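User: I am new to this structure and would like a close look at a single part of it, described carefully and in connected prose. Please start with one pairing of strands and build outward from there.

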Amino acid sequence: MTPTPLIELAEVEENDAKGVTIRDGAKVRKFIVLRWGGETLVYRNRCPHAGTPLDWVPDRFFDRRKQHLFCTSHGASFEPETGLCVDGPCLGDSLEKCAFEVLDGVVVLKEAI
Ligand code: FES
């Protein structure tokens, strides 16, 4: 498996998130790279409700109070640190967490896309 670089970690501000789209031929995968509470996390950018990306506006992943990741399609809210849906139509479901490592300042996906 070839590691998949997603983004330079320095491009993601603390307590914010960036969307990354990886294309491999016809295969398209979207990710959320998040820095939150001193940690870095990577989720698939796919809402567990209907499978759409969370960000209707690119890179706008948070609700107004900047407490939860927010899906603009039907209003699901997710805990940033766990990906758990705490409000909305997929209550109790979670965003898919992705294994990654940071190599030379680059967030690299450990799994095949
Ligand atoms: S697709 Fe996210 S809340 Fe419906």
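Analyst: Strand β3, which covers residues 27-36, is joined to β4 by six bridges, and the two strands run antiparallel. This is a predicted model, and every value below is computed from it. Within this pairing, Ile32 has Tyr43 of β4 as its bridge partner.

The pairing belongs to an open sheet of three strands, arranged in the order β2-β3-β4 with antiparallel pairing. Because β2 (16-24) and β4 (39-44) each have a single partner strand, they stand at the edges of the sheet, and one side of each is left without a neighbour there. Between neighbouring strands of this sheet the turn averages 25°, with direction ignored.

Strand β4 also holds Arg44, a residue that deserves a closer look. Arg44 is buried but has no salt bridge, and the nearest side chain of opposite charge, that of Glu96, is 4.0 Å away. When neighbours within four places in sequence are left aside, the residues in contact with Arg44 are Arg29, Lys30, Phe31, Ile32, Leu95, Glu96 and Cys98. Glu96 therefore appears both in this list of contacts and as the nearest side chain of opposite charge, without a salt bridge to Arg44, since a salt bridge calls for a side-chain nitrogen of Lys or Arg within 4 Å of a carboxyl oxygen of Asp or Glu. Ile32, the bridge partner of Tyr43, is likewise among the contacts of Arg44.

Beyond β4 comes the loop that lies between β4 and β5 (69-70), and Asp59 is found in this loop. Asp59 has a phi near 70°, which is a positive value in a residue other than glycine, and its relative accessibility of 30% makes it count as partly exposed. Lys66 also has its place in the loop between β4 and β5. The phi of Lys66 is near 55°, again a positive value in a residue that is not glycine, and with a relative accessible area of 37% Lys66 is partly exposed.

For a second view of strand pairing, one can turn to another open sheet, in which three strands follow the order β1-β9-β8 and pair in the antiparallel sense. Its edge strands are β1 (4-8) and β8 (100-103), each of which pairs on one side only, and the twist from one strand to the next averages 30°. Four bridges link β1 to strand β9, residues 106-109, in an antiparallel pairing, where Glu8 has Val106 of β9 as its bridge partner.

Definitions and conventions
Residues numbered from 1 in each chain as written. Predicted model: local features only at pLDDT ≥ 70, side-chain atom pairs only at ≥ 80, totals over all residues. Heavy atoms only, no water. Pairing = 2+ DSSP bridges. Axes fitted to C-alpha atoms, helices over the stretch in contact; angles between N-to-C directions. Buried < 20%, exposed > 50% of the residue type's maximum accessible area, 1.4 Å probe, protein only. Lys, Arg positive; Asp, Glu negative; His and termini not counted. Contact = heavy atoms within 4.5 Å.
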